[in-house]
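Morning, everyone. I have one structure to walk through today, and I will keep it brief. Please have a look at it first.

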Amino acid sequence: MIAVDTLIDQLRSNCERPFSDAHAMPPGVYTSPDFLSLEEREIFAHEWQCVGRASALKEPGDYLTAQIGAQPIVVLRDEQMQLKAMSNVCLHRMSVLLEGRGNKRRIVCPYHAWSYGLDGELKGAPLMDRQEGFCKESYRLPAVRCEEWQGWIYVTLDESAPPVATQLAELSELIGAYGMTDYIETFYEEHVWDTNWKILAENFMESYHLPMLHRATVGPHSKL
Ligand code: FES
């Protein structure tokens, strides 16, 4: 297995090639567990992650769940119709609270039924009033930073990450004509790809395959 430092050097020299002589990335960046750990630390723990469309959360209590790295999170529409993201892990014994998508006015833990409000505050903890010194008011699910950009929901675990709109300012100019803010989610599917995550990202970044693979649909309309 090639060392991570070597892979980074290879990647760097690859990036220095002129665009007209672009080459694929070194194979090791797709297969090295150490390189993946580096990506988890440097990318997934720090960057904004897009987890869905704000239009999918229409009513108070509508929620969706996601995972940033190893951290389960929930994004929901609160009583004031604000988007909120928070940890999706119970403060009692760390059970995951919610799965998938749905609507809840209270988040009830499936393990021992501690219940939380849409603001993350602990509202109920069965029988815990018998525990001397237990103070329900001191428990709240940790908030996660959440922003909406062109109708997309972004979350990050990094308290100091610059706002999404700042980071994507150049993209805003490129895609402004599409009016994505007004898009409405009409269906939702979840796909798990048995591959390195970059393969999926690259597939969506290249249009080279559209005329062939998607010749019956979008292919004829694509501009390579
Ligand atoms: S783990 Fe959630 S109530 Fe016990």
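Let me start with a cut-off. A residue is called buried here if 20 or more other C-beta atoms lie within 10 Å of its own. Keep that in mind for strand 10. And a caution: this is a predicted model.

Now the overall picture. The protein has 224 residues, and 17% of them count as buried. Its C-alpha trace spans about 70 × 45 × 30 Å along the principal axes. There are 7 helices and 10 strands. The domain assignment gives domain 1 as 1-44 and domain 2 as 49-156. How far apart do the C-alpha centres of domain 1 and domain 2 lie? The answer is 36 Å. As for contacts, take those between residues at least 6 apart in sequence. Of these, 47% join residues at least 24 apart.

On to the sheet. It is open, with 7 strands. The order reads 1-10-9-4-3-2-5, and the pairing is antiparallel. Which strands stand at the edges? They are strand 1, residues 49-53, and strand 5, residues 101-103. Each has a single partner strand, so one side of each is left without a neighbour in the sheet. On average, neighbouring strands of this sheet are turned by 30° against each other, direction ignored.

Let's go to strand 10, residues 152-156. Here the cut-off comes in. In strand 10, 4 of the 5 residues are buried, so this strand is largely enclosed by the rest of the structure.

Who are its partners? One is strand 1, which runs antiparallel to strand 10 and is joined to it by 4 bridges. Within that pairing, glycine 52 has isoleucine 153 of strand 10 as its bridge partner. The other is strand 9, residues 143-149, paired with strand 10 over 5 bridges, again in the antiparallel sense. There, arginine 145 stands opposite threonine 156 of strand 10.

Look at the connection too. Strand 9 and strand 10 make a hairpin, with 2 residues between them. Glutamine 150 sits in the turn and has a positive phi of about 50°.

Last stop: strands 2 and 3. Strand 2 covers residues 62-68 and strand 3 covers residues 71-77. They run antiparallel, joined by 6 bridges. One pair to find on screen: alanine 66, whose bridge partner in strand 3 is isoleucine 73.

A general reminder before we discuss. Strands of a sheet pair through backbone hydrogen bonds, either parallel or antiparallel. In this sheet, the pairing is antiparallel. That's it from me. Over to you.

How values were computed:
Residues numbered from 1 in each chain as written. Predicted model: local features only at pLDDT ≥ 70, side-chain atom pairs only at ≥ 80, totals over all residues. Domains from an automatic or database assignment. Pairing = 2+ DSSP bridges. Axes fitted to C-alpha atoms, helices over the stretch in contact; angles between N-to-C directions. Buried ≥ 20, exposed ≤ 12 C-beta atoms within 10 Å, placed from the backbone. Contact = placed C-beta atoms within 7 Å.
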